[in-house]
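Please open the structure in a viewer and keep the selection tool at hand. The tour below proceeds stop by stop, stating what to select and what is found there.

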Amino acid sequence: MFFVTTAIDYPNGKPHIGHAYEKILADVLTRYRRFRGEEAYFLTGVDQHGQKMVKTAEAEGVNVATLTKRNTKGFIKLWDKLDVRYDGWAETTDDRHKACVQAILTELEAKGSLYKKSYAGFYSVRQEQYLTDRDRNEEGEFGPEWGEVEEREEENWYFKLSDHAVWLKSTIENDALKIIPTFRKSEVLNAIERAGETDLCISRPKERMSWGIPLPFDPDFVTYVWFDALINYISLAGYKKPGGSDLPDFEELWPADLQIIGKDILVPAHAIYWPCMLHAMGFEAKEMPTLLVHGFWNIRGDKMSKSLGNIVDPDELSDKFGTAALRYYLCRDINSGKDSDFDIERLVMLFNTELANDLGNLLNRSINMTKGFCNSTISATDTNDEGDIALRKSLASCTAAYKTAMDNCEVSIALQAINDHVTHCNGYLERNKPWEMKKDESKMKRVGEVLSHTAESCAHLALMLRPILPEAADKIFGQLKKEALKDLTIDQLSWGLLTAGHQTGKPKPVFPRIQAEEKEV
Ligand code: MSP
């Protein structure tokens, strides 16, 4: 089973475009694995504990449990609207998750992987961690990225992270734990050098912060939010589930084939804490997950933030431009692992040019002319015409490039491959001009052949687009009167999906242009 997870979002507000991008990316890659004929399971959810949630609840004057429930609903509703279809939903206040976290803590304590000590130091409230001198900036201060920093002394429980530093280094060096894209690997290796020196504080005193999972062996403490949250990847995947549980079979899912996260939570959480936690629990190097690290969506070069007031709301964008336009833009305009600038003008422009104009016209012209000139009937396409051969070649290279790109999780490159073939097909129609040829009765056979080449292309293109734009693809299958196409896997994409004599349906714009006045948000 191909197992995909994402970071679980803090529901301390509404989901923003960064949250939406990650969930859509995971949804697209899960759908793609199914298109490859594999079984796939997608787990996502929300990270409901910790000080961030408590602070927001205080600021809003509501009970933290109420805030958590209310905001969680907002995430679920949006994922539904954006066609993000997950198989497992992880909430960290879920009793099944709590029981798993406590079982793991009990075992680690019994093994001697945890210890209690007193520590005095500087604490970042925003990042919920103690800082060291390495976290100071050139002026010797803790920069604004740490938010409010206060001096604290308290007793806490620690996880012996340092015990695993040597093992972790070799596990990453030899790619037993893979990090995609590879340029992120050196960042992790540098960080491991430092991690070897310190252990991880995994508790918070209850008197200071009670919104967490109690330590089973020391009820005065709750579990540190990251230690709790990282475990969602296995708890809700069935690790240590009790008999009769409806959770999946852990052995079928683990190790995760893709754990999709943003670059900000690679180090230390996912590339250091998480593998060391797994190792301490008894997982071996070959059971480590693969991390797919994506970049950030920024706004005119700035980080999106509440204080800058530049948060982009995916819910509003979907209302305004449609879910397809949003999914397309988010997959199309970011390159693997790099940051990108969110730009509504580009969202509209890319939808209008690449979908409404290019693909939309190809589809519309193919189905419309097949209906008008050929009685909606597909012709044989085993032709020797040079242009036909070139078109079939273009489709074959498009499919191969798409597959390689999607296998490498490079969705925007896959879309480029699709668009290249769309361009080829539109050029082919312009060169062949079936609307002229049909004036000459003797050329009607050729008209059918030409239109059947582009209609066949539309069937393939829709299938390849389907992981990204599932609803639009299904509409295309409907217009081609070939719903059964959706059951095909990528290896069944050979020429001849639409056989001679097949009757196509009526054209109807699948990607209606976004009008200029709708641009203002
Ligand atoms: N709760 C933790 C993750 C725990 S995983 C065991 C967290 N939550 S978050 O809500 O702050 O972020 C959730 C995901 O959204 C992270 O992967 C983060 O990198 C991603 N993004 C947050 N802002 C983003 C952008 N501006 N752009 C793209 N993704 C971004 O971290």
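Where does Gln127 lie? Select this residue in the predicted model: Gln127 is in the loop that runs between strand E4 (114-124) and strand E5 (129-131). Gln127 has a relative accessible area of 30% and is therefore partly exposed. Display its surroundings next. Apart from neighbours within four places in sequence, Gln127 is in contact with Glu145, Trp146 and Tyr224. Now add Ala455 to the selection. Gln127 and Ala455 are separated by 328 residues in sequence, and their C-alpha atoms are 54 Å apart in space.

**The nonpolar cores**

Tyr224, just met as a contact of Gln127, also belongs to a core of 64 residues, which includes Ile234, Tyr239 and Ala269 as well. This core lies apart from the largest nonpolar core, which has 94 residues. To view the latter, select Ile17, Leu330, Phe342, Tyr402 and Phe511, the residues with the most contacts inside it. Helix H13 gives the most to this core, namely 12 residues. Centre the view on Ile17. Leaving out residues up to four places away in sequence, Ile17 touches Trp297, Met304, Val312, Pro314, Leu317, Leu326, Leu330 and Phe342.

**An exposed loop residue**

Select Lys306, which has its place in the loop between strand E14 (297-298) and helix H11 (314-321). Is Lys306 buried or exposed? Its relative accessibility is 61%, so Lys306 counts as exposed. Beyond its neighbours within four places in sequence, Lys306 is in contact with Asn12 and Ile311. Ser118 is 188 residues from Lys306 in sequence, with a C-alpha to C-alpha distance of 35 Å.

**Two helix pairs around H15**

Select helix H14 (residues 386-407) together with helix H15 (residues 411-432). At what angle do H14 and H15 pack? The angle is about 170°, and the axes are 7 Å apart. H14 is therefore roughly antiparallel to H15. On the H14 side, the residues that meet H15 include Leu391, Leu395, Cys398 and Tyr402. On the H15 side, those that meet H14 include Ile418, His421, Cys425 and Tyr428. By class, this contact of H14 with H15 has 15 nonpolar, four polar and one charged residues.

Keep H15 displayed and add helix H12 (323-332). The axes of H12 and H15 come within 7 Å of each other and cross at roughly 110°, so the two helices are roughly perpendicular. Tyr328, Cys331 and Arg332 in H12 meet Val411, Ser412, Leu415, Gln416 and Asn419 in H15. The classes in this contact of H12 with H15 are four nonpolar, three polar and one charged residues.

**The cysteines**

How many disulfides does the structure hold? The number is zero. Select Cys425, one of the H15 residues that meet H14. The nearest cysteine sulfur to that of Cys425 belongs to Cys458 and is 6.8 Å away. With a relative accessibility of 0%, Cys425 counts as buried. Move on to Cys201. Why is Cys201 not bonded to Cys276? The sulfur of Cys276 is the closest cysteine sulfur to that of Cys201, but at 16 Å it is too far for a bond. Cys201 has a relative accessibility of 9% and so counts as buried.

**Backbone details**

Most residues other than glycine have a negative phi, and most peptide bonds are trans. The next selections are exceptions of both kinds. The peptide bond from Ile180 to Pro181 is cis, with omega near -5°; Pro181 is in the loop between strand E7 (179-180) and helix H6 (185-195). The bond from Trp254 to Pro255 is also cis, with omega near 0°, and Pro255 has its place in the loop between helix H9 (250-253) and strand E12 (258-262).

Select Ser376, in the loop between H13 and H14. Its phi is positive, near 60°, and Ser376 is buried, with a relative accessible area of 11%.

**The final helix stop**

Select helix H18 (residues 470-479). Its buried residues are Pro470, Ala472, Ala473, Ile476, Phe477 and Gln479, and they pack against helices H1, H12, H13 and H17. In the segment after H18 is Lys481, whose phi is positive, near 50°. Lys481 counts as partly exposed, at 49% relative accessibility.

Terms used: Residues are numbered from 1 along each chain as its sequence is written. This is a predicted model: local features need pLDDT of at least 70, side-chain atom pairs count only at pLDDT 80 or more; totals for chains, interfaces and linings use all residues. Side-chain values use heavy atoms; hydrogens and water are left out. Axes are lines fitted to C-alpha atoms, for helices over the stretch in contact, and angles run from 0 to 180 degrees between N-to-C directions. Helices (H or I, at least four residues) and strands (E, at least two) are DSSP runs, numbered from the N terminus. Angles under 35 degrees count as roughly parallel, over 145 as roughly antiparallel, 65 to 115 as roughly perpendicular and the rest as oblique. Contact means heavy atoms within 4.5 Å. Ala, Val, Leu, Ile, Met, Phe, Trp, Tyr, Cys and Pro count as nonpolar, Asp, Glu, Lys and Arg as charged, and the others, Gly among them, as polar. Buried means under 20% relative accessible area, exposed over 50%, partly exposed in between (1.4 Å probe, protein chains only). A nonpolar core is a set of buried Ala, Val, Leu, Ile, Met, Phe, Trp, Tyr and Cys residues joined through side-chain atoms within 4.5 Å. A disulfide is a pair of cysteine sulfur atoms within 2.5 Å.
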